[in-house]
Amino acid sequence: MDGRRIVSFERYLRHPVEKVWRAIASPEQIAKWLTVQSELELSVDGQLVFRWENGDVVQGKFTKVDPPYELEYTWLEEALGHSVVRWRLKDEGEGCHLHLTHTFFNESAVVPDYLAGWHVHLEALDDVLNEQFTRFPWERVKEMRTTYASKMS
């Protein structure tokens with residue numbers, strides 16, 4: 001859209017918006033489903049840092065913080081440059097509707113990798129919310145990468 005690549009997911013989660021917000025905005029919860037150690041200054045212009053065990057680091061700053069409905073931050077990584085992640089939560093029935101977008105400004109973004117990653121991270125988020133999370137399914141990421149890559153060729 002407008003020359004940018006956008007990864008977008010929508011999910012219905014059987015949990016209140018406030019519980020989902022805590023899962024996407026608390027370092028303890030993020031460590032499980034996103035598999036990172038995070039440092040968050042949860043306010044507009046506050047800094048964030050995500051550190052993965054393999055040494056990858058993402059830095060950014062919060063551009064929108066509207067608890068418990070909207071969270072947006074810049075995502076800066078060495079290999080890809082600048083992008084933006086936006087979470088929107090909306091009360092729906094007894095749960096909530098989650099809409100995640102990741103907007104890339106670099107044309108070389110490897111979209112199937114991000115589609116697979118966010119797909120599986122959102123599955124893990126649901127497991128965390130349901131208190132069924134045991135370990136992150138890295139094999140599932142590989143499987144989904146293959147699936148998305150085949151759909152995009």
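1. Strands β4 (residues 57–66) and β5 (residues 70–77) run antiparallel and are joined by six bridges. Strands, like helices, are DSSP runs numbered from the N terminus; a strand (E) has at least two residues and a helix (H or I) at least four. Two strands are said to pair if DSSP finds at least two bridges between them. Within this pairing, Phe62 has Tyr73 of β5 as its bridge partner. The two strands form a hairpin, with three residues between them.

2. The basis of these statements should be clear from the outset: this is a predicted model, in which local features need pLDDT of at least 70 and side-chain atom pairs count only at pLDDT 80 or more, while totals for chains, interfaces and linings use all residues. Residues are numbered from 1 along each chain as its sequence is written, and side-chain values use heavy atoms, with hydrogens and water left out.

3. The loop between β4 and β5 contains Pro68. The peptide bond that joins Pro67 and Pro68 is cis, with omega at about -5 degrees.

4. On its other side, β5 pairs with strand β6 (residues 81–92) in the antiparallel sense, over eight bridges. Here Tyr73 has Val85 of β6 as its bridge partner, and Glu70 stands opposite Arg88 in β6. This pair of strands also forms a hairpin, again with three residues between the strands. Strand β5 is mostly covered, since six of its eight residues are buried. Buried means under 20% relative accessible area, exposed means over 50%, and partly exposed lies in between (1.4 Å probe, protein chains only).

5. Where do these strands stand in the whole sheet? The sheet is open and has seven strands in the order β1-β7-β6-β5-β4-β3-β2, with antiparallel pairing. The edges are held by β1 (5–13) and β2, each with a single partner strand, so one side of each has no neighbour in the sheet. From one strand to the next, the twist averages 20 degrees. As general background, strands of a sheet pair through backbone hydrogen bonds, either parallel or antiparallel.

6. Helix α1 (residues 17–25) lies across β1, β2, β4, β5, β6 and β7 (95–104), and runs at about 160 degrees to β6. Such angles run from 0 to 180 degrees between N-to-C directions, and the axes are lines fitted to C-alpha atoms, for helices over the stretch in contact. Contact means heavy atoms within 4.5 Å.

7. Thr101 belongs to strand β7. Is this residue buried or exposed? Thr101 is buried, because its relative accessible area is 14%. Leaving aside residues up to four places away in sequence, Thr101 touches Ile6, Val7, Ser8, Val84, Val85 and Arg86.

8. Helices α3 and α4 pack with their axes 8 Å apart and at an angle of about 135 degrees. That angle makes α3 oblique to α4. Angles under 35 degrees count as roughly parallel, over 145 as roughly antiparallel, 65 to 115 as roughly perpendicular, and the rest as oblique. The crossing of the two helices is right-handed. A crossing has this hand if the near helix is turned clockwise from the far one by less than a right angle, and is left-handed if the turn is anticlockwise.

9. Residues making the contact include Leu115, His119 and Glu123 of α3, and Arg140, Met144 and Tyr148 of α4. The residues of this contact divide into 10 nonpolar, one polar and four charged. In this count, Ala, Val, Leu, Ile, Met, Phe, Trp, Tyr, Cys and Pro are nonpolar, Asp, Glu, Lys and Arg are charged, and the others, Gly among them, are polar.

10. Leu115 lies in helix α3 and counts as buried because its relative accessibility is 13%. Not counting residues up to four places away in sequence, Leu115 touches Val7, Phe9, Tyr148 and Met152. Leu115 and Tyr148 are 33 residues apart in sequence, yet 7.0 Å apart in space, C-alpha to C-alpha.

11. Two residues other than glycine deserve attention for their positive phi values. Asp45, with phi near 75 degrees, is found in the loop between β2 (37–40) and β3 (47–51). Asp45 counts as partly exposed because its relative accessibility is 48%. Glu131, with phi near 55 degrees, is found in the loop between α3 (111–129) and α4 (138–152). Glu131 counts as exposed, at 71% relative accessibility.
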